[in-house]
Amino acid sequence: MNMTFDQAIASLSIREEWGVVLDFIQEERESAISDFQNPDYVDNPSKLARLAGEIAAYDQLLRNFRNATSTR
């Protein structure tokens, strides 16, 4: 059976554990955002870029997962 990404996520989202997955990603995103207040994470451009990329990745995951589950 060939499935699209949205179909696969929609299928997974009916599982009881799906909320735990989304909560984990959200908590990791919030943790990365709070790292902006820690000088050790933003004391050079490379660290700052890594942190910004990490937050962007979490945002994209959440957006993709939530959009897929809203279209089923």
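In this predicted model, the side chains of Arg29 and Asp59 meet in a salt bridge, with N and O 2.2 Å apart. Arg29 lies in helix 2 and Asp59 in helix 3, so the pair ties together parts that are 30 residues apart in sequence. By the rule applied here, the count of salt bridges comes to 4. The points below take up these pairs, then the nonpolar core, the faces of helix 1 and helix 2, and the loop that holds Tyr41.

**Salt bridges**

- Neither partner of the pair between helix 2 and helix 3 counts as buried, because Arg29 has a relative accessibility of 22% and is therefore partly exposed, while Asp59, at 23%, is partly exposed as well.
- Glu54 forms a salt bridge with Arg50, and the closest N and O atoms of the two residues are 2.5 Å apart.
- Glu54 and Arg50 both belong to helix 3, where a spacing of 4 residues separates them by about one helical turn.
- Glu54 counts as partly exposed at 26% relative accessibility, and Arg50 is also partly exposed, with a relative accessible area of 42%.
- A further salt bridge joins the side chains of Asp43 and Lys47, at 3.2 Å from N to O, and Lys47 is partly exposed at 33% relative accessibility.

**The largest nonpolar core**

- The largest nonpolar core is made up of 8 residues, namely Ile9, Trp18, Leu22, Ile25, Tyr58, Leu62, Phe65 and Ala68.
- Two elements, helix 2 (residues 18-34) and helix 3 (residues 45-70), each give two or more residues to this core, and the largest share, 4 residues, comes from helix 3.
- As a general background to such a cluster, nonpolar side chains in soluble globular proteins tend to be buried together.
- Trp18, a member of the core, touches Ile9, Leu12, Ser13, Phe65 and Thr69 when residues up to four places away in sequence are not counted.

**Helix 1 and its buried face**

- Helix 1 spans residues 5-13, and its buried residues are Ile9, Ala10 and Ser13.
- Seen down the axis of helix 1, these buried residues fall within an arc of 100 degrees, so they line one face of the helix.
- Ile9 also belongs to the largest nonpolar core, and both Ile9 and Ser13 are among the residues that Trp18 touches.

**Helix 2: length, faces and neighbours**

- Helix 2 has 17 residues and reaches 25 Å from its first C-alpha to its last, which is close to the 24 Å expected at 1.5 Å a residue.
- The residues Trp18, Leu22, Ile25 and Ala32 are buried in helix 2, and they cover an arc of only 85 degrees around the axis, which puts them on the same side of the helix.
- In general terms, an α-helix has 3.6 residues a turn, so residues three or four places apart point the same way.
- The face of helix 2 turned away from its buried side carries the exposed residues Val20 and Glu27.
- Asp23 is found in helix 2 and counts as partly exposed at 46% relative accessibility.
- Although Asp23 and Leu62 are 39 residues apart along the chain, their C-alpha atoms are separated by 9.7 Å.
- Glu30, which is likewise found in helix 2, counts as partly exposed at 44% relative accessibility, and its side chain makes a polar contact of 2.9 Å with the side chain of Gln26.
- The C-alpha atoms of Glu30 and Ile55 are separated by 8.3 Å, with their positions 25 residues apart along the chain.

**The loop between helix 2 and helix 3**

- Tyr41 has its place in the loop between helix 2 and helix 3, and at 32% relative accessibility it counts as partly exposed.
- Leaving aside residues up to four places away in sequence, Tyr41 touches Asp35, Lys47, Leu48, Arg50 and Leu51.
- Of these contacts, Lys47 takes part in the salt bridge with Asp43, and Arg50 takes part in the one with Glu54.
- Tyr41 and Leu51 are 10 residues apart in sequence, and their C-alpha atoms are 7.5 Å apart in space.

Notes: Residues numbered from 1 in each chain as written. Predicted model: local features only at pLDDT ≥ 70, side-chain atom pairs only at ≥ 80, totals over all residues. Heavy atoms only, no water. Core = buried A, V, L, I, M, F, W, Y, C linked by side-chain atoms within 4.5 Å. Buried < 20%, exposed > 50% of the residue type's maximum accessible area, 1.4 Å probe, protein only. Contact = heavy atoms within 4.5 Å. Polar contact = N/O pair within 3.5 Å; in protein donor to acceptor, adjacent residues only side chain to side chain. Expected span 1.5 Å × (residues − 1). Arc of directions from axis to C-beta.
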